[in-house]
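User: Hi, I'd like to walk through this protein slowly, since I'm new to reading structures. Could you help me look at a few parts of it?

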Amino acid sequence: PENVGIVAMEIYFPPTCIQQDTLENFDGVSKGKYTIGLGQDCMAFCSEVEDVISMGLTAVTSLLEKYEINPKQIGRLEVGSETVIDKSKSIKTFLMDIFENAGNTDIEGVDSTNACYGGTAALFNCVNWVESNSWDGRYGLVVSTDSAVYADGPARPTGGAGAVAMLIGPDAPIAFESKFRASHMSHVYDFYKPDLASEYPVVDGKLSQTCYLMALDSCYKGYCQKYEKFQGKQFSMADADYFVFHSPYNKLVQKSFARLVFADVARDASSVDESAKEKLGQFTSLKGDESYQSRDLEKASQQVAKPDYDKKVQPATLIPKQLGNMYTASLYAAFASLIHNKSSSLDGNRVMMFSYGSGLSATMWSLRLTEGKAPFSLSNIAKVMNIEHKLKTRTEFAPEKFVELMHLMEHRYGGKDFVTSKDTSHLALGTYYLTEVDSKYRRFYAKK
Ligand code: ACO
């Protein structure tokens with residue numbers, strides 16, 4: 001099979017949200033801290049009737065319906081998530097309900113977990129399967145689904161929630177450039193979830209930012225080396241049309257793109273112009289660690305990067321700014337924003353992808369886009385995802401109600417023997433929701 005990649009996409013996110021400026025006021029932090037300091041507009045969260053399983057069920061059902069895919073056409077289903085609901089039973093098995101009802105139980109794949117990287121591991125598994133000798137000619141399906149919630153404090157505004165489903169097959173409008181792929185994996189404690197009784201992570205925010213940027217540098221270096229090895233010529237940022245990053249909050253995405261601009265100056269890439277060399281050349285003598293701490297470098301590189309950021313990054317920032325961190329789904333929600341904003345003009349473009357999961361694992365790779373034929377065309381994918389409508393029809397919560405909900409969810413996490421309110425008034429038709437967790441911890445869902 002040729003041009004294996006993403007042939008169709010669907011995104012689902014809870015219709016419940018809170019504005020970041022409202023949260024700033026409520027938390028009593030300085031005005032602009034979340035909206036400018038973190039670069040976030042709004043944050044989505046699951047109400048007590050939604051969770052990662054219901055979001056996954058909704059995203060998968062909607063994808064199959066809207067692209068008219070018979071569930072029997074799926075041969076592999078992989079889930080990426082870091083929201084642990086059960087230490088043994090995979091989220092994938094919950095989603096099997098959809099396929100069993102259609103008479104298909106012959107579906108490989110289980111869950112992948114490593115912080116925000118699980119979705120990427122799941123995606124690579126599916127793409128590799130289609131490219132392999134084990135492929136049986138059917139589609140792969142990847143689901144990234146997460147609910148990111150943090151304890152009260154500075155990390156809380158970097159929460160979010162959502163699910164992305166991606167159909168994988170040959171002749172894809174979103175094709176992998178499989179040889180150009182570089183990873184950076186390492187053992188660190190920047191963000192982890194050792195307390196199995198709590199949904200909240202233990203997080204060293206500053207360390208996680210530095211780890212993210214170090215992994216980015218390392219992956220970019222590796223990507224350039226592989227590109228040069230297989231293409232026989234130098235790679236630079238000028239060779240890519242768009243850059244899509246894992247997006248815990250937008251400020252880190254701004255810093256990441258600036259970091260890559262600096263990397264091209266430091267490696268003396270031929271496409272770097274004189275003015276960039278003049279402004280950033282002085283920083284190339286900084287030792288690794290110093291360069292991550294230098295505020296002057298950060299400021300200067302962001303300034304040099306700004307025009308290209310607006311062109312090559314900004315179109316992929318809409319959903320992460322509106323929803324917040326969706327952990328495994330964040331990178332793919334950012335990519336969905338690009339399809340939404342630029343669908344008609346992406347034909348022939350190369351898109352760089354950077355996936356980061358704390359702990360840590362990270363990969364940079366690239367995609368080659370072509371318009372494709374309906375229903376698997378970029379413009380139809382944009383139409384199906386219907387992002388503007390989904391964003392417009394959300395319900396804003398007051399901060400008091402949001403905090404009350406967080407307390408209820410803390411109490412319910414890992415619990416049994418409860419029924420939910422079954423209040424679906426906020427949910428769109430066709431959305432799955434949680435109705436009950438019985439005395440044996442078994443979870444039950446219904447569809448609106
Ligand atoms: N107006 C404008 N900007 C402001 C204001 C204001 N009133 N107040 C603060 N800021 C700026 C700060 O200058 C800082 O900007 P800078 O990064 O350019 O220096 C930014 O807002 C953040 O403020 P800080 O005080 O540095 O950090 P804070 O204590 O708020 O914590 C953090 C931010 C670390 C991101 C926290 O939210 C966190 O731990 N989040 C979870 C971890 C995370 O997402 N890590 C990313 C990679 S790992 C992953 O994906 C989970």
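User: Let's start somewhere simple: where is the place of Gly 28?

Analyst: Before anything else, please keep in mind that this is a predicted model. In it, Gly 28 sits in the loop between helix H1, which covers 20-27, and helix H2.

User: And is Gly 28 buried or exposed?

Analyst: Gly 28 counts as exposed, because it has 6 C-beta neighbours inside 10 Å, and the cut-off for being exposed is 12 or fewer.

User: How far apart in space are Gly 28 and Tyr 12?

Analyst: From C-alpha to C-alpha they are 31 Å apart, although 16 residues separate Gly 28 and Tyr 12 in sequence.

User: Since it's a prediction, what average pLDDT does the protein have?

Analyst: The average pLDDT is 97, and 100% of the residues score at least 70. For the complex, the predictor gives an ipTM of 0.98 and a pTM of 0.98.

User: OK, on to the ligand. Which residues come nearest to it?

Analyst: There are 22 residues around the ligand, and the ones that come nearest are Gly 32, Gly 37, Pro 154, Gly 205 and Pro 248.

User: Which helices each supply at least two residues of that shell?

Analyst: Those are helix H2 (33-37), helix H6 (205-231) and helix H7. Of the contributors to the shell, H6 gives the most, with four residues.

User: How do the shell residues divide into nonpolar, polar and charged?

Analyst: The shell around the ligand holds 10 nonpolar residues, nine polar ones and three charged ones.

User: Switching to the database side, where does UniProt place the feature "binding site"?

Analyst: The UniProt record, which is an unreviewed entry, puts that feature at Ser 208, Lys 251 and Lys 255. Those positions span 48 residues in sequence, yet no two of their C-alpha atoms are more than 13.6 Å apart, so they gather at one spot.

User: Which helix is Lys 251 found in, then?

Analyst: Lys 251 is found in helix H7, which runs over residues 250-266, and Lys 255 lies in helix H7 as well.

User: What does Lys 251 touch?

Analyst: If we do not count residues up to four places away in sequence, Lys 251 touches Gly 37, Leu 38 and Gly 39. You may remember Gly 37 from the residues that come nearest to the ligand.

User: And which residues is Lys 255 in contact with?

Analyst: Leaving aside neighbours within four places in sequence, Lys 255 is in contact with Leu 213, Glu 298 and Gln 302.

User: Why is Lys 255 called partly exposed?

Analyst: Lys 255 has 19 other C-beta atoms within 10 Å, so it is partly exposed, while 20 or more would be needed to count as buried. Lys 251 is also partly exposed, with 18 other C-beta atoms within 10 Å.

User: Now the strands. How many of the residues of strand S13 are buried?

Analyst: Strand S13, covering residues 361-369, is mostly covered, with eight of its nine residues buried.

User: How many bridges join strand S8 to S13?

Analyst: Eight bridges join strand S8 (residues 174-185) to S13, and the two run antiparallel. In that region, Ile 174 stands opposite Leu 369 of S13.

User: What about strand S12 and S13, in which sense do they pair?

Analyst: Strand S12, made of residues 350-357, pairs with S13 in the antiparallel sense over eight bridges, and Phe 354 stands opposite Met 364 in S13. The hairpin of S12 and S13 has three residues between the strands, and in it Gly 359 takes a positive phi near 120 degrees.

User: There's another sheet further along. What is the order of its three strands?

Analyst: The order is S15-S16-S17, in an open sheet with antiparallel pairing. The edge strands are S15 (418-419) and S17 (443-447), each of which pairs on one side only.

User: How many bridges join S16 to S17?

Analyst: Five bridges join strand S16, residues 432-437, to S17, and the bridge partner of Glu 436 in S17 is Phe 444.

User: One last thing: which residues does the UniProt domain annotation cover?

Analyst: In that unreviewed entry, UniProt's annotation "domain: Hydroxymethylglutaryl-coenzyme A synthase N-terminal" covers residues 1-173. Over residues 1-173 the chain is 30% helix and 25% strand, and the end C-alpha atoms are 14 Å apart.

Key:
Residues numbered from 1 in each chain as written. Predicted model: local features only at pLDDT ≥ 70, side-chain atom pairs only at ≥ 80, totals over all residues. UniProt positions renumbered as here; feature names shortened; annotations may be inferred. Contact = placed C-beta atoms within 7 Å. Pairing = 2+ DSSP bridges. pLDDT = per-residue confidence, 0-100. Near = placed C-beta within 6 Å. Nonpolar A, V, L, I, M, F, W, Y, C, P; charged D, E, K, R; others polar.
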